[in-house]
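I opened this one to take some notes at the bench computer. Here is the structure I was working from.

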Amino acid sequence: MTNKDASSSPLIDIESVGFDAGAHVFVKHALAALEPGQRLRVVGCAPGFEVQLQDWCRRQGYALEWAIEPGPLNGTRRVASIARDTQWGRWRDAMQTGRSDPRGANAVAEHARPDWGLAARGAHVEAGSPAYAFRLASKHEVWADNVADLYKQAVAAQWDPDDAIDWHVPFDNPPAVEAAVVQVMTYMVENENAALVVPARFLGQLHPHYRELQAALAIQVADEARHVEVFTRRIRHNGYEPSLSTAGGQASLKTLLDEPDFSIASFLLSVLGEGTFVTLLQFLQNHGPDPLTRRIAQLAARDEARHVALGMSHLLYRLEREPVLRMRLAQAIEHRHEALAATSGLNEEVFDALILIAAGEPTLSAITRGYALVQQLMTDMADGRYARLVRLGFERPLARELAWLHTRNFM
Ligand SMILES: [Fe+2]
Ligand SMILES: [Fe+2]
C-alpha cells in the first residue's frame with residue numbers, strides 16, 4: 001500500500017481506548033460505514049493496542065496491514081489499515097436462511113439446512129455452526145398455505161376454562177346418566193392424550209425454519225392440554241373418578257402414535273380422527289344431559305375444527321405436489337383397519353354411555369330415542385369423513401368405502 005492510497009482512506013483515532021475497553025465497537029462501526037473494497041485507517045495510543053487490534057482483526061477475519069505515515073510535529077506514526085471485504089470479515093461465508101420476498105416476508109425455503117439450526121428465519125448464520133438433525137426439514141412434507149392464519153385464529157380463540165365455563169351452573173342428572181357422562185369423558189381424555197402427544201412429537205422433529213407450522217402445532221398441543229383439563233374436571237365434578245379404558249381403544253390410538261410420516265399421521269389423526277371427534281362433540285353439545293357438558297363440548301369442538309382445518313390444509317398442499325400420496329393415504333386406512341380387526345374398537349361401555357347421554361334418563365322410551373340418535377351419530381361421522389375424503393380428491397366410491405373403514409374407536 002502506498003502512502004497516497006493510505007491517505008485517501010478514512011482515518012479514525014481510538015486515542016487511549018483499548019480493545020479491552022470497547023475500542024472494537026468503534027472500529028466495527030467505522031468499517032460498517034465503508035464501501036466494500038475500501039480500507040479503514042486506525043491510529044491509537046493505548047498501551048498494547050497494536051497487538052489487540054491485530055488479534056481482533058484475525059478473529060474477525062479482516063486483513064490488516066501496517067504503514068508508516070507522517071505524524072504530528074514532523075514525526076512519523078504507525079497506522080493500521082484494515083480491508084473492508086465485500087462481505088463482513090468472518091461473516092463472509094455466512095449462510096442466509098431464507099431471502100426476503102418483495103412483500104418483505106422472509107421466504108420459506110423448500111429445504112431447510114441442518115446447519116441453519118435454531119437461527120431466526122432470514123438471519124445470517126456463521127459458517128461452522130453446528131448441524132441439527134431435524135427430521136422434518138422439507139417444506140412439502142409439512143407445509144400448509146394458510147398455516148399462519150390458522151395460528152392467528154388459534155391465538156385469538158384461546159379460552160380460559162375458569163372464565164369460559166360456568167362451573168357452578170345447577171343440574172341434577174340421574175346417577176346412570178351422570179355415570180355415562182363420566183365414561184364418555186374418560187374415553188375422551190384418552191383420545192385427547194393421543195391428540196396431544198402426536199403433534200408434540202412431530203414438533204420436536206420439525207426444523208424451526210418452518211416457524212408458522214411450529215407455532216400452529218404448539219398451540220394445538222396447548223388446546224389438547226386444556227381439553228384434558230376440562231374433561232377431567234367434568235369427570236370429577238360430582239365426586240366421580242375416571243371410569244374404564246379398553247385395550248381396543250388404546251390399540252387404536254397406539255397406531256396413531258406409531259405412524260412416523262407427518263402427512264399420514266395428520267391424515268389419520270386430524271382429517272379422520274379429530275374430524276370424527278368434532279361430530280361427537282357437536283352431538284354432546286346438542287344432546288348432552290346438562291349445561292356443563294354441553295358448554296364444554298361446544299368449546300372443545302371449536303378448537304378441534306381448527307385442528308381438522310390444519311390437517312386438511314396440509315394434505316391439500318402436499319397432494320397438489322405429490323398426487324401419488326393419495327394412494328399411500330388409502331393404504332394407511334386399510335392397514336390400520338387390518339391391524340385393528342382383532343380389537344373391538346369402540347368399547348361397548350362408551351357406545352352404551354352415549355345412548356344414555358342422548359336419552360337423558362334410563363327409561364325405555366328415552367333409551368329408544370337415544371339409540372336412534374347414536375345410530376344417526378355414526379352415520380353423520382361417516383358422512384363427515386366421506387366429505388373430507390372427497391375434498392382431498394378421492395374418487396367417491398373409494399371415499400365412501402374408506403370412510404366406513406375408519407377405526408370404530410372414532411379417533
Ligand atoms: Fe382436543
Ligand atoms: Fe385436536
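My entries below cover a metal site, a loop and a helix.

**Entry 1: the metal site**

I reminded myself up front that this is a predicted model. Which residues coordinate the iron ion (ligand 2)? I found Glu224, Glu274, Glu304 and His307, with Glu304 giving two OE donors and His307 binding through ND1. The distances run from 1.9 to 2.8 Å. Along the chain, I read the donor spacing as E-x49-E-x29-E-x2-H.

I then looked at the iron ion (ligand 1), which sits 3.5 Å from the iron ion (ligand 2). Glu224 coordinates both of these ions. I looked up where the donors come from: Glu224 is in helix H8 (residues 211-236), while Glu304 is in helix H11 (residues 291-321). The pair is 80 residues apart in sequence, so it ties together separate parts of the chain.

Are these two glutamates buried or exposed? I noted 0% relative accessibility for Glu224, so it counts as buried. Glu304 comes out at 1%, so it is buried as well.

**Entry 2: the loop between E3 and E4**

Next I checked backbone angles. Most residues other than glycine have a negative phi, so I wrote down the exceptions I came across. Leu73 is not a glycine, yet has a positive phi of about 55 degrees. Asn74 is not a glycine either, and its phi is positive at about 60 degrees.

Where does Leu73 lie? I placed it in the loop between strand E3 (64-70) and strand E4 (76-83). Asn74 belongs to the loop between E3 and E4 too.

I also looked up accessibility here. Leu73 has 87% relative accessibility and counts as exposed, because the cut-off for that is over 50%. Asn74 is exposed with a relative accessible area of 84%.

**Entry 3: helix H13**

I ran a length check on helix H13 (residues 348-359). Its 12 residues, at 1.5 Å a residue, should span 16 Å, and I got 16 Å between the end C-alpha atoms, so the two agree.

How many of the residues of H13 are buried? I have 9 of the 12, so the helix is largely enclosed by the rest of the structure. Among the buried ones are Val350, Phe351, Leu354 and Ile357. I then asked what covers the buried residues of H13. The cover includes helix H7 (175-203), helix H10 (262-287) and helix H14 (364-391).

Last thing I jotted down: just after H13 comes Gly360, with a positive phi of about 85 degrees.

Terms used:
Residues numbered from 1 in each chain as written. Chains lettered and ligands numbered in written order. Predicted model: local features only at pLDDT ≥ 70, side-chain atom pairs only at ≥ 80, totals over all residues. Heavy atoms only, no water. Donors = N, O, S within 2.8 Å, 3.2 Å for Na, K, Ca; no water. Helix = DSSP H or I, 4+ residues; strand = E, 2+ residues; numbered from the N terminus. Buried < 20%, exposed > 50% of the residue type's maximum accessible area, 1.4 Å probe, protein only. Expected span 1.5 Å × (residues − 1). Contact = heavy atoms within 4.5 Å.
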